[in-house]
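Let's take a relaxed walk through a protein model, one region at a time. Have a look at the picture and keep it handy as you read.

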Amino acid sequence: MSTENSDSIYPGTPEMCSFCGRDIELTRVLVKGKDVAICDVCVAGAEQIVKRAIAQKRTALRRQTPKPSKLFDKLSEYVIGQDDAKRMIAVAVYNHYKRITTQILSDDVEIEKSNILMIGPTGTGKTLIAQTLARFLDVPFAIADATTLTEAGYVGEDVENVLVRLFHAADGDIAKAEIGIIYIDEIDKIARREQSTSITRDVSGEGVQQALLKILEGTIANIPPEGGRKHPEQKLLGINTKNILFICGGAFEGIDKIVQSRLGKKGMGFGAEIRGRRGMGYYELISELEPEDLLRFGLIPELIGRLPVVSPLDRLSHEAMLSVLTTPKNALVKQYKKLFELEGVKLGFENEALEKIVEKAVNRDTGARALRSIMEKVMTKLMFDLPDMKNVEEVIINPGVVTGEEEPSVIQMEMKRKRA
């Protein structure tokens, strides 16, 4: 009896397929395990069964994936402005989930993953966009800060630990984690360092970019379920990152000047349009962003290639900041009104007071993020005193409260009855 077509680490196990009964002589390969064996024909059949099962599972997900217009509308409920970015991201996310639900049974065309790079100043809604998408799509979501990541073996956090966070967000369900979303913030902070006399390794810059390449493109990464550093005795789990959507965000401070420089050079020559002298605004400039600009900024070519969808975000105008304060479902004004309502008190803001809050936030130049810290400062003392105040029906915030020059107007129930 020939054993050339067998493969086993368990000598003496069956000489026929445990599933179809084929003798070893009738098979091309017989894979043996402990007390069982399986032939190549059954392996191929099992592969098709697995593919169909996965396809059915992902088809169910596909039915839940909203069209780009619906994704745009949902993003608009939480993110003010940034319409171009929201449209671009809605299309990319829709295509991503369409890809993973249909590609499993299609071998003729390989559709590559479209990871997203969002570029814009701090406080323009990059993180909020990613969070809103994950919540609306009902997929696991994890956030990582690129500044905390280092190459494996160095002090800091391994790149693969971002997958551990996603695994935990999926409540330990690997299949669910493998179709999740990971947002990597401050991606610009791992740009390659400029040429210098230093001979030390760039373990938190280019080294992290190199480490990110495989998981962004798609690989089976072995992760420690509890996180932390790997060690030989530790049990590892394999996660396939091929269908995980990575959204990276960063301020890329100064990249507009890089674009400006390139556009200016293009305008040289007789009769050429000197675009660099137009006085183009920030958003106009980063909308003209090319891969070569990211390369000059310090991202390595391989990483740029794995982030094909580049979405620029604009600085928030005064009017947009005012809308952020009052309009979205999670608007700060709505949140504070709800908190006061739970105390049985109505809260009101004079328009001039809201204008003052926005004015202070714009002066800080940190985008919408500044609104919360300003509102907290305005409201903390009032919210500390409110539970001890008696017969309060309404509190009105005026401009003097925002500047710290006045106390809020407190209307008590007795005063209201006397007026009536």
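## Buried or exposed?

Start with one bit of vocabulary: a residue is buried when its relative accessible area is under 20%, exposed when that area is over 50%, and partly exposed in between. Keep in mind that what you're looking at is a predicted model.

Now try the idea on a real pair. K189 has a relative accessibility of 46%, so it counts as partly exposed. Its partner D188 sits at just 7%, so D188 counts as buried. The two form a salt bridge, with the closest N and O atoms 3.1 Å apart.

## More salt bridges

How many salt bridges does the count come to? The total is 13. Another one of them links K86 with D83, where the closest N and O atoms are 3.5 Å apart. Both residues belong to helix α3, which covers residues 83–102, and they're three residues apart, or about one turn of the helix. That spacing is worth a thought: an α-helix has 3.6 residues a turn, so residues three or four places apart point the same way. As for accessibility, K86 counts as buried because its value is 1%, while D83 counts as partly exposed because its value is 35%.

Helix α15 holds a pair with a similar story. Here E376 and R372 are four residues apart, again about one turn of the helix. Their side chains meet in a salt bridge, at 3.8 Å from N to O. E376 is partly exposed because its relative accessible area is 35%, and R372 is partly exposed too, because its area is 40%. Elsewhere, K74, E77 and K329 are joined into one network by salt bridges that share partners.

## A three-stranded sheet

Next, find the open sheet of three strands, which has the order β13-β14-β15 and mixed pairing. Which strands sit at the edges? They're β13 (346–349) and β15 (409–412), and each pairs on one side only. From one strand to the next, the twist averages 20°.

What holds strands like these together? Strands of a sheet pair through backbone hydrogen bonds, either parallel or antiparallel. In this sheet, β14 (residues 392–397) and β15 run antiparallel, and four bridges join them. If you want to spot one partnership yourself, look for V392, whose bridge partner in β15 is Q412.

The helix from the last section turns up here as well. Helix α15 (residues 369–385) lies across β13 and β14, and runs at about 150° to β14.

## Two helices side by side

Now look for helix α12 (residues 318–326) and helix α13 (residues 332–342). They pack at an angle of about 25°, with their axes 4 Å apart. That angle makes α12 roughly parallel to α13, because angles under 35 degrees count as roughly parallel.

Which residues meet where the two helices touch? On the α12 side you'll find V324, L325 and T326, and these meet L332, V333 and K334 in α13. Sorted by type, the residues of this contact are four nonpolar, one polar and one charged.

## One last helix

Finish with helix α5, which spans residues 161–169. Its buried residues are N161, V162, L163, V164, L166 and F167. Just after α5 comes D171, which takes a positive phi of about 55°.

Technical notes
Residues numbered from 1 in each chain as written. Predicted model: local features only at pLDDT ≥ 70, side-chain atom pairs only at ≥ 80, totals over all residues. Heavy atoms only, no water. Pairing = 2+ DSSP bridges. Axes fitted to C-alpha atoms, helices over the stretch in contact; angles between N-to-C directions. Contact = heavy atoms within 4.5 Å. Parallel < 35°, antiparallel > 145°, perpendicular 65-115°, else oblique. Nonpolar A, V, L, I, M, F, W, Y, C, P; charged D, E, K, R; others polar. Salt bridge = Lys/Arg side-chain N within 4 Å of Asp/Glu carboxyl O. Buried < 20%, exposed > 50% of the residue type's maximum accessible area, 1.4 Å probe, protein only.
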